[in-house]
Amino acid sequence: MKRDKILLAGIMCAGLLLFPGTTAYVDAAEPAEVQEESEKVDSRPDYVLYVNRALNCVTVKIQEEDGSLTPVKAMVCSCGREESATPEGTFRTTNYYEWRKMVDDTYGRYAVRFNGKILFHSVPYIEESPDTLKWEEYNLLGENASLGCVRLAAEDAKWIYDNCKRGTKVIVYSDTEEAGELGKPSAVQIDADSPYRTWDPTDDSAENPWFGGDGAIAVPFTGIQ
């Protein structure tokens, strides 16, 4: 009888290791996976994103080894309209999406979440396709125009998506006097008659007709600088 009990116990242990759905199998595999994940270190620089929602400008600062911050890039943006103002405060980036459906059924490209439903993303597209830009909304860059998110030209949204790692600090504030240390960049306007108007002129896609096309895009932005 004793020999039979030992044999049965051995069979049960072997069975637990053979069937992945058992607790024993998961416990045996999980620690190594968790350890491997924890060892992944994002070596990209540490940036801080300052969003001036009053003047619709983003200033990017890099954190130096001594802890100081150096401004390195400025972007024109569109923060939330008065009835849906972009919340002020200090936040951290979390989720990253190449395309993300918005609450109004449009699509944002290179979307980076930093405060609940509030994200950085491109000017809206009608469909999940780079040739469906809502160009009228693009022409509002530099003004408060969104439902709370921070809209950017495609190249700027992509820069944040590519260069700012998860956990990047985001500071949203209001300053009606100064856009930021690097000022507020000018934004171009898309001509309503342009055959290329459904493409973001800053999109670096090889299919973008603005590159090498015969249409003029540069109508200087004349808003607050």
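**Figure 1. D105 sits out in the open, on a loop between two strands.** With a relative accessibility of 52%, D105 counts as exposed, since the cut-off for that label is over 50%. This view, like all those that follow, comes from a predicted model. The loop that holds D105 runs between β5 (96–101) and β6 (107–115). Take a look at the backbone here too: the phi of D105 is positive, at about 70°, even though D105 is not a glycine. What sign does phi have in most residues other than glycine? It is negative in most of them.

**Figure 2. N56 is another loop residue with a positive phi, and this one is tucked away.** N56 is not a glycine, yet its phi is positive, at about 55°. Look for N56 in the loop that links β1 (47–52) to β2 (57–63). Is N56 buried or exposed? N56 is buried, because its relative accessible area is 2% and the cut-off for buried is under 20%.

**Figure 3. The whole protein, for getting your bearings.** Before the next close-ups, here is the overall layout. The protein has 4 helices and 9 strands. Starting from the N terminus, you meet two α elements, then a run of β elements, and then α, β, α and β to finish, in the order α-α-β-β-β-β-β-β-β-α-β-α-β. How many residues are there, and what share of them is buried? The protein has 225 residues, and 40% of them are buried. Now take the contacts between residues at least 6 apart in sequence: 61% of these join residues at least 24 apart.

**Figure 4. T86 is a buried loop residue with plenty of company.** T86 belongs to the loop between β3 and β4 (89–92). At a relative accessible area of 1%, T86 is buried. Which residues does T86 touch, once those up to four places away in sequence are set aside? They are R53, C79, G80, I118, G148, C149, V150 and V172. With G80 there is also a polar contact to look for: a polar atom of the T86 side chain lies 2.9 Å from the backbone nitrogen of G80. For a sense of how the chain folds back, compare T86 with V51: they are 35 residues apart in sequence, while their C-alpha atoms are 9.6 Å apart in space.

**Figure 5. Two cysteines face each other without a bond.** Zoom in on C77 and C79. The closest cysteine sulfur to that of C77 belongs to C79, and the gap is 3.9 Å, which is too far for a bond. A disulfide would need the two sulfur atoms within 2.5 Å. How many disulfides does the count come to? It comes to 0. C77 is buried, at 0% relative accessibility. C164 is buried as well, with a relative accessible area of 0%.

**Figure 6. The largest pocket and what lines it.** This pocket encloses about 260 Å³ of space. Its lining is made of 17 residues, and those nearest the centre are M102, V103, K117, L119 and C149. Both β5 and β7 (118–122) supply at least two lining residues each, and the largest share, 3 residues, comes from β7. Sorted by class, the lining of the largest pocket has 7 nonpolar, 4 polar and 6 charged residues.

**Figure 7. The second largest pocket.** Here the volume is about 160 Å³. Around the second largest pocket are 14 lining residues, with V76, A153, E155, D156 and S186 nearest the centre. The elements giving two or more residues to this lining are β3 (69–78) and α4 (154–163). Which element gives the largest share of the lining of the second largest pocket? That is β3, with 4 residues. By class, the lining splits into 9 nonpolar, 2 polar and 3 charged residues.

**Figure 8. N208, buried in the segment after β9.** The last close-up follows the chain past β9 (169–173), into the segment where N208 is found. N208 counts as buried, with a relative accessibility of 2%. The N208 side chain reaches the backbone nitrogen of W210, at 3.1 Å. Which residues is N208 in contact with, apart from its neighbours within four places in sequence? Look for W199, D200, P201 and D203.

Note on methods: Residues numbered from 1 in each chain as written. Predicted model: local features only at pLDDT ≥ 70, side-chain atom pairs only at ≥ 80, totals over all residues. Heavy atoms only, no water. Buried < 20%, exposed > 50% of the residue type's maximum accessible area, 1.4 Å probe, protein only. Polar contact = N/O pair within 3.5 Å; in protein donor to acceptor, adjacent residues only side chain to side chain. Contact = heavy atoms within 4.5 Å. 1 Å grid on protein atoms, 1.4 Å probe; cavity = no way out; pocket = protein on both sides within 12 Å on 5 of 7 lines; lining within 4 Å. Points joined across faces, edges and corners; volume = space filled by probe spheres on them. Nonpolar A, V, L, I, M, F, W, Y, C, P; charged D, E, K, R; others polar.
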